[in-house]
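User: Take me through the charged side chains in this one, please, with a close look at how they pair up or fail to. Some context on the whole chain would help too.

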Amino acid sequence: MGRRKVEIKRIESKSSRQVTFCKRRNGLIEKARQLSILCESSVALVIVSSTGKLYSFSSGESMAKILSRFEIQQADDPETSDLAEKGMNYLSQEELLEIVQCKLEEAKSDNASIDFLNSLEEQLKTALSVTRDRKN
């Protein structure tokens, strides 16, 4: 008899959730160890529990060395650096929403120009695309 398929959703029972977290965390760490041995690769794994407790695993090399290599790789990747530069040029989502809300209230009281509304729309589209890129 095979295992039943587990529906992926939040476990409501706190004790069951904790047991599942521990078992899956240990399984994930074991898979990371196996990957590093079988493929002679450097693996760094960081897990943060819902209570904020930190669990980490690194193979062979120290975690700091692996992460520094990752940062160097990301800095060299033009697509990633492009996204980081875009993110620096734009406000956070909350700040942008506050500004938009203020501008819309101004537009209600004044007669806003079409150019102003178009530029506001472009800013929103750009911020939305940056936010989606960050999420992905």
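Analyst: First, the yardstick: a residue is buried under 20% relative accessible area, exposed over 50%, and partly exposed in between (1.4 Å probe, protein chains only). On that scale, buried residues make up 14% of the 136 residues in the protein chain. Keep in mind that this is a predicted model, where local features need pLDDT of at least 70 and side-chain atom pairs count only at pLDDT 80 or more, while totals for chains, interfaces and linings use all residues. Numbering starts from 1 along each chain as its sequence is written, and side-chain values use heavy atoms, leaving out hydrogens and water.

Now the layout. The protein chain has 5 helices and 2 strands (DSSP runs numbered from the N terminus: helices are H or I with at least four residues, strands E with at least two). Read from the N terminus, the order is α-β-β-α-α-α-α. Of the contacts (heavy atoms within 4.5 Å) with a separation of 6 or more, 30% link residues 24 or more positions apart. The protein chain exposes about 11,600 Å² (Shrake-Rupley, 1.4 Å probe; for residues, only the protein chains shown count as cover), and carbon and sulfur atoms supply 54% of that area.

On to the charges. Side chains of opposite charge can pair when their charged atoms come close. The count here is 2 salt bridges (a side-chain nitrogen of Lys or Arg within 4 Å of a carboxyl oxygen of Asp or Glu). One of them joins Glu 12 to Arg 10, with N to O at 3.5 Å, and both of these residues are exposed. Glu 30 and Arg 33 also form a salt bridge, their closest N and O atoms being 2.5 Å apart. Why are Glu 30 and Arg 33 separated by about one helical turn? Because they sit 3 residues apart in helix H1. Glu 30 counts as partly exposed because its relative accessibility is 31%, and Arg 33, at 34%, is partly exposed as well.

The odd one to look at is Arg 25. Arg 25 lies in helix H1, which covers residues 14-39. Arg 25 is buried yet has no salt bridge: the nearest side chain of opposite charge (Lys and Arg count as positive, Asp and Glu as negative, with His and the chain ends not counted) is Glu 30, 12 Å away. What does Arg 25 touch instead? Leaving aside residues up to four places away in sequence, Arg 25 touches Ile 47 and Tyr 55.

Away from the charges, there's a nonpolar surface patch of about 290 Å² made by Val 46, Val 48 and Leu 54 (patches take residues with over 30% relative accessible area and no salt bridge, joining like charges within 9 Å and nonpolar side chains, meaning Val, Leu, Ile, Met, Phe, Trp or Tyr, within 5 Å). Val 46 sits in strand S1, residues 44-48, and is partly exposed at 49% relative accessibility.

As for cysteines, the count is 0 disulfides (a pair of cysteine sulfur atoms within 2.5 Å). Cys 22 is partly exposed at 24% relative accessibility, whereas Cys 39 counts as exposed at 51%.

One last spot: Ala 64, in helix H2 (residues 63-76), is exposed with a relative accessible area of 55%. Ala 64 and Ala 44 are 20 residues apart in sequence, and their C-alpha atoms are 9.2 Å apart in space.
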